[in-house]
Amino acid sequence: MFKKKQSSLPKSLLPIKKELKAIGKTSYPDSQLSIDDSRILQEVKEKTLELNQNNVTRTRAYLDFYNACPEIHWALLAHMVSRNGGWNMTDLKGELLTRLMSQKEQKSFFLFLERANWLIFQDAYPQLLIYQAGLQRKKNLSRLLPHLNISSFMKVLWNHFWQTRDSALLTHALIVNEQNYVETRVVNHPEFQKNVLGSLEFKLQDYLSMNHILFPYIKNNATKLSGQTVHHFESLQERIGIGKRLYTLLFSDEERLHGTIRWANKYPHTGSRKDYWPHLFNSIHEGKPGVLLLPRLVSCHLLPGFSKFYSPKLEFAWKDQEHKEAESGDWFKNWKIIYHLASSAEEITGYIKKDYCQTLQKLELAAIAKKTLNSLQ
C-alpha cells in the first residue's frame, strides 16, 4: 500500500513522522483529569449521542460546526458527503431501486450505509467538539482525545494543527482516519461483505456508476452540480483518494466554494433528492398504480406530461436505528500511513452532470426492464 520512497515525503511532514514513529503499540490515556476535563468529556459524549440519531441530524451538525469554525474544512466536506449518504439511503425506498431490489436487499444496503455514517460521526464529531472546547478555553485540549477512544494518529495531527493552522493537512488526516476507522468495522465486516459488498446488486451499482457524489452549489441564482464518481469502494486506498479529490474539488475554486456554502445553508438536508433538483424529484409519490412504465427522462429533463421521480425524505423512508457500541481498538499501526497526507497535484474538474444524467437514464431503463420481465413470468 505504501509504495513511495521515504525520500518523497515532504519536509513539512517529517516532524509528524517522528511523532508517529514514537507512538507505542498501545496508547494509554492520561489518568490525571481535572474537574473541568471530566465535565468537557461528559458534555462531548452527551452532545455526540444526541446528534447521532440519524443521517439528517448528523449532516446538520457538521454544517453547524463548519459555520462556527470555518477553519476546519473537513466539517464542510463531511456535511456534503453525508448529504450524499442520505440520498443513497432514501434511493433504496425511491421509485427506481425499489423495482430492482428486494426489501431484504434494501434493508441490508441501508444498514451498511447507516452503520458507516453512524461510526464516522461518533468518532469524528467528538474531535470537533474537543477542538471547540479548546478554542473557548484558549488552549489545546487534544490530550483528552484518547479518553474518547480517538486514534493516537489524530492526537498527533490535532496537536500539529494547533501549532500550524494547516487546514488542508488536518482535512487529509481526518479523511485517512475515517476511512481506516470504518475499514474493519464496516467494509471488511463479515456481515456486510456477505450481504452488501459481495452481492450482485453492489457490482451492478458500480457498473451503472450509481455512486456519484454530488456537490450542489448556487451560481447565478441557479443550482449547479459538481462531483466525482466512486469506483472500487472496497479499496481503502481508493476511498482515501476520492476523499482527497473531493476536498480539492470543494475548496480549490473560491466562487464555487461560496456557492456550495450558500446552497447548503439555503436548503436544509432532508434526504430527498428534491433538495437539489425539484424539477426532477418529489418527496411525494406522484405516480399512479398500474400505469404502464415508459421512459420519461431525456438529458435530465422529464418528457411533457410525466410525473416526477419519487425521492422520499429520510424520516419517511427509514426509522432511526439502535446501534451496537463501536468496536474498540486503534487502527493506527504503521507510521507510513503518513504518505497519504501529502497533497496531490492532480487537477479536478468536477464535471459530473452528463455522467449523472446518463446514470439516471440507465437506472430508469433497468427498472422498466425488470418490471417487464416480472410481468412475463
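The following paragraphs describe the overall make-up of a predicted model of one protein chain and then selected residues, salt bridges and surface features within it.

The model is a prediction, in which local features need pLDDT of at least 70 and side-chain atom pairs count only at pLDDT 80 or more, whereas totals for chains, interfaces and linings use all residues. Residues are numbered from 1 along each chain as its sequence is written, and side-chain values use heavy atoms, with hydrogens and water left out.

The secondary structure of the chain consists of 14 helices and 6 strands, where helices (H or I, at least four residues) and strands (E, at least two) are DSSP runs numbered from the N terminus. Of the 377 residues in the chain, 52% are buried; here buried stands for under 20% relative accessible area, exposed for over 50%, and partly exposed for values in between (1.4 Å probe, protein chains only). The accessible surface of the chain amounts to about 19,100 Å², and 53% of this belongs to carbon and sulfur atoms, with areas obtained by the Shrake-Rupley method with a 1.4 Å probe and, for residues, with only the protein chains shown counting as cover. When contacts (heavy atoms within 4.5 Å) between residues at least 6 apart in sequence are considered, 75% of them join residues at least 24 apart.

Salt bridges, each defined as a side-chain nitrogen of Lys or Arg within 4 Å of a carboxyl oxygen of Asp or Glu, number 10 in the whole structure. One of them is formed by Asp91 and Arg273, whose closest N and O atoms are 2.7 Å apart. Because Asp91 lies in helix H4 (residues 73–91) and Arg273 in the loop between helix H12 (254–266) and strand S3 (281–282), this pair ties together parts that are 182 residues apart in sequence. Arg273 counts as buried, at 6% relative accessibility.

A salt bridge is also found between Glu327 and Arg115, with the closest N and O atoms 3.5 Å apart. Glu327 is placed in the loop between helix H13 (314–317) and helix H14 (353–376), and Arg115 in helix H6 (residues 103–137), so that the pair ties together parts 212 residues apart in sequence. Glu327 is partly exposed, with a relative accessible area of 32%, whereas Arg115 is buried, with a relative accessible area of 9%.

In a further salt bridge, the side chains of Glu183 and Arg239 meet at 2.7 Å, N to O. Distant parts of the chain are linked by this pair, since Glu183 belongs to helix H8 (residues 167–187) and Arg239 to helix H11, 56 residues apart. Glu183 and Arg239 are both buried. In addition, Asp36, Arg39 and Arg137 are joined into one network by salt bridges that share partners.

Helix H11 (residues 236–251) also holds Lys244, which counts as buried at 13% relative accessibility. A polar atom of the Lys244 side chain lies 2.6 Å from the backbone oxygen of Ala342. Apart from residues up to four places away in sequence, Lys244 touches His172, Ile175, His340, Leu341 and Ala342.

A second lysine, Lys370, is located in helix H14 and is partly exposed, with a relative accessible area of 32%. Although Lys370 and Arg99 are 271 residues apart in sequence, their C-alpha atoms are 7.2 Å apart in space. When neighbours within four places in sequence are left aside, Lys370 is in contact with Arg99 and Leu100.

Backbone geometry was also examined. Most residues other than glycine have a negative phi. Lys138, however, has a positive phi near 60°; this residue is found in the loop between H6 and helix H7 (152–164) and counts as exposed at 77% relative accessibility. Asn220 likewise has a positive phi, of about 55°, although it is not a glycine. Asn220 lies in the loop between strand S1 (212–219) and strand S2 (222–229) and is exposed, with a relative accessible area of 69%.

On the surface, Leu294, Val298, Leu303 and Phe306 make a nonpolar patch of about 310 Å². Patches are made of residues with over 30% relative accessible area and no salt bridge, like charges being joined within 9 Å and nonpolar side chains (Val, Leu, Ile, Met, Phe, Trp, Tyr) within 5 Å. Within this patch, Val298 is placed in strand S4 (residues 297–298) and is partly exposed, with a relative accessible area of 45%.

Conventions. Polar contact = N/O pair within 3.5 Å; in protein donor to acceptor, adjacent residues only side chain to side chain.
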